[in-house]
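I opened my notebook to look up pockets, cavities, sheets and helix contacts in this model. My entries follow.

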Amino acid sequence: MTGTQSLTTVSTKLERIAELAKRKPGVSLQTLAHHIDLDWMREAHRRVRKDGAVGVDGQTAEEYAKNLEGNLQSLLDRAKSGDDYRAPPVRRVHIPKGDGSKTRPIGIPTFEDKVLQKAVAMVLEAVYEQDFRPCSYGFRPGRGAHDALSALWTQIMTLGGGWVLEADIESFFDSVDHAKLREVLSQRVSDGVLIRLIGKWLNAGVMEGGEVRHPDTGTPQGGVISPLLANVYLHEVLDVWWERDVQPRLSGRTSLVRYADDFVMVFEREDDARRVEAVLSKRFEKYGLKLHPEKTRLVRFERPNSQPPGSDGGARSSFDLLGFTHYWGKSRKGSWVVKRKTMSARLSRTLKRIAMWCSVHRHLSIKEQHTALSRKLCGHDAYYGLTGNGRALSQLRWHVKRIWQKWLNRRSWRTALTWERMSRLLEAFPLPPARVVHSVYRSANP
């Protein structure tokens with residue numbers, strides 16, 4: 001079967017699964033794995049990144065593709081037979097987190113496991129996309145971080161401000177309770193093959209320093225299926241609870257915006273906000289999760305001219321979400337609007353990485369360095385280029401120019417690269433100007 005025919009077949013099956021889930025809301029679906037055939041595995045392989053890090057077996061995507069048909073057929077047969085398939089442990093690596101003083105553990109599956117996880121995730125996604133609430137934006141088709149930011153901006157502007165509950169789940173991916181997750185999954189999916197495979201991935205263990213550990217909690221951050229399992233878990237823990245049990249009991253208008261394990265709640269009334277704040281930690285503890293006591297806080301986020309005289313709200317009237325600090329500021333017309341700027345910690349992290357790159361690559365040609373730095377700045381703008389964030393984007397460029405000058409100056413001790421000479425170099429090799437990629441006005445007025 002050709003690639004186009006295979007894709008058409010898989011698309012048809014995905015539509016059927018989605019239609020079945022839509023017709024039977026709240027019903028646990030028992031027969032789903034039969035949709036996974038060789039065509040499905042080919043499509044799963046096509047969707048998996050081929051340039052990712054290797055797992056514990058060291059096999060690359062290129063090596064796996066040398067006998068692709070045979071490997072996919074063998075994987076399919078083992079996955080459906082039950083005991084013949086054994087999930088290998090994930091390889092644990094640590095990447096810098098925040099300002100670089102801490103690290104985030106990442107679990108890297110083998111390439112073959114990535115393909116099988118993608119195949120199962122495709123089935124689950126077709127089911128759960130019919131259930132997920134509009135407040136959920138992370139790791140969902142057709143949705144992203146900027147959609148979440150745009151929705152949050154619109155909701156706060158519509159309310160005219162209010163109270164924001166900024167929450168942080170402590171070590172979420174390491175804290176997911178396996179038994180609770182299986183319980184949540186069984187409410188919607190009870191196919192034996194799929195449940196068995198998910199169970200094997202949860203129990204596969206983590207290899208670090210040559211030793212394999214088998215924790216009782218957690219789903220490895222970095223696994224192909226982990227973001228979807230996280231969404232399924234928080235859909236039950238937070239989204240459904242918020243819609244079913246919380247909102248009907250509140251007096252004022254409210255909204256929730258969640259991107260994976262990052263979320264904020266917006267309240268029109270202070271009493272509503274404090275009632276939810278009082279019970280939120282108990283809800284999460286019921287599912288084995290814990291809110292970070294220092295990073296979870298209630299913020300008075302009223303429009304400045306609506307705050308009573310003598311209020312201390314202005315001192316804390318900002319909160320962070322998805323790499324941006326949200327605060328009130330004046331528009332060009334003089335009106336109070338919600339503005340977003342790059343979080344200082346994210347800006348510092350970016351500058352540290354650029355400084356490290358310039359240090360390591362300072363002996364490349366000027367043209368090569370210019371090309372690489374321009375690419376990095378454009379990539380930064382692709383995410384942080386929001387309406388109102390121009391000052392932070394320009395500030396980044398100011399620092400990058402001086403970092404570049406510093407490391408070019410260290411290429412040779414014979415001749416100093418003064419700022420005058422650097423200015424002439426920048427005229428010949430100008431860095432790209434700051435660019436607003438995501439306009440809040442286009443988002444608000446499609």
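**Entry: the second largest pocket.** I started with the second largest pocket, which is lined by 27 residues. Tyr-327, Lys-339, Thr-387, Gly-388 and Asn-389 lie nearest its centre. I noted what a pocket is: on a 1 Å grid over the protein atoms alone, it is an open set of points with protein on both sides within 12 Å along at least five of seven lines. A cavity is a set of points where a 1.4 Å probe fits but cannot get out, and lining residues have an atom within 4 Å of a point.

I also wrote down where the model comes from. It is a predicted model, in which local features need pLDDT of at least 70 and side-chain atom pairs count only at pLDDT 80 or more, while totals for chains, interfaces and linings use all residues. Residues are numbered from 1 along each chain as its sequence is written, and side-chain values use heavy atoms, with hydrogens and water left out.

What volume does the second largest pocket have? I found about 670 Å³. A volume here is the space filled by probe spheres set on the grid points, which are joined across faces, edges and corners.

Next I asked which elements supply at least two residues each to this lining. They are helix H6 (145-159), strand S10 (324-330), strand S11 (336-342), helix H12 (344-360), helix H14 (390-409) and helix H16 (440-444). Helices (H or I, at least four residues) and strands (E, at least two) are DSSP runs, numbered from the N terminus. S11 gives the most, with 6 residues.

By class, I recorded 11 nonpolar, 9 polar and 7 charged residues in this lining. Ala, Val, Leu, Ile, Met, Phe, Trp, Tyr, Cys and Pro count as nonpolar, Asp, Glu, Lys and Arg as charged, and the others, Gly among them, as polar.

**Entry: the sheet with S10 and S11.** I followed S11 into its sheet. Three strands form an open sheet in the order S9-S10-S11, with antiparallel pairing. Strand S9 (318-321) and S11 are the edge strands, and each pairs on one side only. Two strands pair if DSSP finds at least two bridges between them. S10 and S11 pair over 7 bridges. Tyr-327 stands opposite Lys-339 in S11. I had met both residues already, among those nearest the pocket centre. Neighbouring strands of this sheet are turned by 35° against each other on average, direction ignored. Angles run from 0 to 180 degrees between N-to-C directions, and axes are lines fitted to C-alpha atoms, for helices over the stretch in contact.

**Entry: a second sheet.** I found an open sheet of 4 strands in the order S2-S1-S4-S5, with mixed pairing. Strand S2 (102-108) and strand S5 (211-213) stand at the edges with a single partner strand each, so one side of each has no neighbour in the sheet. Strand S4 (206-208) and S5 pair in the antiparallel sense over 3 bridges. Val-206 stands opposite Arg-213 in S5.

**Entry: the cavities.** How many cavities of 30 Å³ or more does the structure hold? I counted 2. The largest has about 90 Å³ of space. It is lined by 13 residues, and Gln-117, Trp-201, Pro-220, Ile-225 and Ser-226 lie nearest its centre. Helix H5 (111-128), helix H9 (192-202) and helix H10 (226-246) each give two or more residues to this lining.

The second largest cavity has about 50 Å³. Its lining includes Ile-36, Met-41, Leu-76, Ala-79 and Lys-80. Helix H4 (68-81), H5 and H9 each give two or more residues to it. H4 gives the most, with 3 residues. I listed 8 nonpolar, no polar and 1 charged residues by class.

**Entry: helix contacts.** I then looked at how H4 and H5 meet. Their axes come within 11 Å and cross at roughly 65°. Asn-71, Leu-72, Leu-75, Arg-78 and Ala-79 in H4 meet Glu-112, Val-115 and Leu-116 in H5. Contact means heavy atoms within 4.5 Å. The contact has 5 nonpolar, 1 polar and 2 charged residues.

Last, I checked H10 and helix H11 (270-286). They pack at an angle of about 145°, with their axes 11 Å apart. By class, their contact has 10 nonpolar, no polar and 3 charged residues.
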